Amino acid sequence: MGANTRIEWADHTFNPWLGCTRLSPACDYCYAAAWAKRTGKPELWEGERRRTSPGNWMQLRKWNLAAEAAGVRARVFCASLADVFDNQVPSRWRDDLWHWITYTPHLDWLLLTKRPQNIERFLPDTRAGLPAWGDGWPNVWFGTTAENAEEYRRRWPHVAAVPAVVRFLSAEPLLGPLGDLDLGRVGAPDWIIAGGESGPYARPMHPDWPRDLRDQCEAAGVAFLFKQWGEWLPWEPDAGPYLIAQNGRIEDRHALLPADIDNDRSWDDGLWAVGEGLSHFAFQRVGKKTAGRLLDGREHNGLPTPLRRAA
Ligand code: SF4
């Protein structure tokens with residue numbers, strides 16, 4: 001886990017600005033929107049964007065010096081409470097971000113977006129005094145989120161079209177199977193992160209969905225990181241009373257499966273399914289911490305090897 005972030009795959013989280021607009025099912029229970037509401041800034045969602053303070057930006061200098069002194073590379077997740085390629089953001093803000101990326105060569109910048117269609121037009125602008133993008137800057141990784149197969153098909157080609165030292169896919173919250181990703185081909189992800197949803201309205205993740213991604217990654221030699229189950233753990237026969245969900249939505253948090261349930265029984269009537277075309281499955285709501293991050297009994301902490309190392 002990172003030094004100042006609770007994100008398992010990064011050392012730091014940096015928000016150059018705050019605010020966003022919901023786009024797809026993965027945004028339904030956006031934790032950043034919930035955070036904005038909780039902290040009295042609801043206008044930041046579906047509305048205004050706000051740049052973070054100079055002091056916040058100055059942390060980058062500290063992180064870069066610390067990584068240099070330790071002789072390590074530190075991964076920075078940008079941004080958790082906004083979207084880097086949001087077209088509602090003034091281009092001057094993004095120019096500043098690109099400048100800071102050049103000032104911090106000991107940091108690997110993980111630019112994760114749900115708007116990959118904007119990446120190409122928002123690449124560093126040489127008219128703003130920035131170096132040309134060329135084959136990709138050595139400390140910038142591009143990623144997009146795909147919560148289901150539809151979003152994967154829609155978003156991934158935009159990431160694949162832009163050169164970068166690492167291109168990654170965040171399958172989180174994973175809300176359905178992604179299908180065959182053909183990971184052996186040119187332009188496929190170099191790294192896949194998978195995880196279930198957390199928070200009060202979290203939807204469960206069928207275990208076959210991350211398993212399938214893990215197996216595809218293993219077969220193709222692609223790095224795989226299993227981040228978390230989220231709120232819900234798949235049903236285990238001896239674990240006590242169960243809470244179940246239907247088609248990815250929580251229908252009744254207090255429903256119990258009959259004690260005599262077994263996997264051979266048809267669950268068509270009165271019992272509930274998750275996901276299309278998958279067998280019925282039951283889940284227990286145990287909370288993110290208890291649910292943990294073991295998939296079939298082990299942690300998966302794969303990280304990609306950048307095509308070219310930063311100096
Ligand atoms: S893109 Fe991210 S930050 Fe923006 S609304 Fe969706 S989940 Fe929230």
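In this predicted model, strand β1 (residues 12-13) runs parallel to β4 and is joined to it by 2 bridges. Within that pairing, Thr13 stands opposite Phe77 of β4. Phe77 also has a bridge partner in β5, namely Leu110. Between β4 and β5, the chain passes through helix α3 (residues 91-103), and the resulting β-α-β crossover is right-handed. The two strands it links, β4 and β5, pair in the parallel sense over 5 bridges. Strand β4 itself (residues 74-78) is mostly covered, with 4 of its 5 residues buried.

These pairings belong to a wider arrangement. An open sheet is formed by 7 strands with parallel pairing, and a reader tracing it across will meet them in the order β1-β4-β5-β6-β7-β8-β9. The edges are taken by β1 and β9 (223-228), each of which has a single partner strand, so one side of each is left without a neighbour in the sheet. As background, the strands of a sheet pair through backbone hydrogen bonds, in either a parallel or an antiparallel manner. Taken as a whole, the protein has 6 helices and 13 strands. Of its 311 residues, 40% are buried. Sequence separation offers another view of the fold: among contacts between residues at least 6 apart in sequence, 78% join residues at least 24 apart.

The nonpolar interior comes next. The largest nonpolar core has 68 residues, and those with the most contacts inside it are Cys78, Trp109, Leu110, Leu111, Trp141, Ala171 and Ile192. Strand β5 (residues 107-113) supplies the largest share of this core, 5 residues. Trp109 gives a handy place to look around: leaving aside neighbours within four places in sequence, Trp109 is in contact with Val76, Cys78, Ile101, Asn139, Val140 and Trp141. Leu110, the bridge partner of Phe77, is likewise listed among the core residues with the most contacts.

A second tryptophan, Trp209, is found in helix α5 (residues 208-220). Trp209 has 21 other C-beta atoms within 10 Å and is therefore buried, the cut-off being 20 or more. Leaving aside neighbours within four places in sequence, its contacts are Leu174, Gly176 and Pro177. Trp209 and Gly195 are 14 residues apart along the chain, and their C-alpha atoms are separated by 9.7 Å.

For those setting up the ligand site, the surrounding residues are Cys20, Arg22, Leu23, Ala26, Cys27, Cys30, Ala32, Ala33, Asp83 and Lys114. Sorted by class, this shell has 7 nonpolar and 3 charged residues, and no polar ones.

Several backbone details are also worth a look. The peptide bond from Cys78 to Ala79 is cis, with omega near 10°. Cys78 is one of the residues with the most contacts inside the largest nonpolar core, whereas Ala79 has its place in the loop between β4 and α3. Another cis peptide bond runs from Glu172 to Pro173, with omega near -5°. Pro173 lies in the loop between β7 (166-171) and β8 (191-195).

Positive phi values in residues other than glycine occur at Glu46 and Asp296. For Glu46, phi is about 65°, and the residue lies in the loop between α1 (31-38) and β3 (50-51). Glu46 has 11 other C-beta atoms within 10 Å, so this residue is exposed, the limit being 12 or fewer. For Asp296, phi is near 50°, and the residue is found in the segment after α6 (288-291). Asp296 has 10 C-beta neighbours inside 10 Å and therefore counts as exposed as well.

Terms used:
Residues are numbered from 1 along each chain as its sequence is written. This is a predicted model: local features need pLDDT of at least 70, side-chain atom pairs count only at pLDDT 80 or more; totals for chains, interfaces and linings use all residues. Two residues are in contact if their C-beta atoms, placed from the backbone, lie within 7 Å. A nonpolar core is a set of buried Ala, Val, Leu, Ile, Met, Phe, Trp, Tyr and Cys residues joined through C-beta atoms within 7 Å. A residue is near a molecule or strand if its C-beta atom, placed from the backbone, lies within 6 Å of it. Ala, Val, Leu, Ile, Met, Phe, Trp, Tyr, Cys and Pro count as nonpolar, Asp, Glu, Lys and Arg as charged, and the others, Gly among them, as polar. Two strands pair if DSSP finds at least two bridges between them. A crossover is right-handed if, with the strands pointing away from the viewer, the path from the first strand over the helix to the second runs clockwise.
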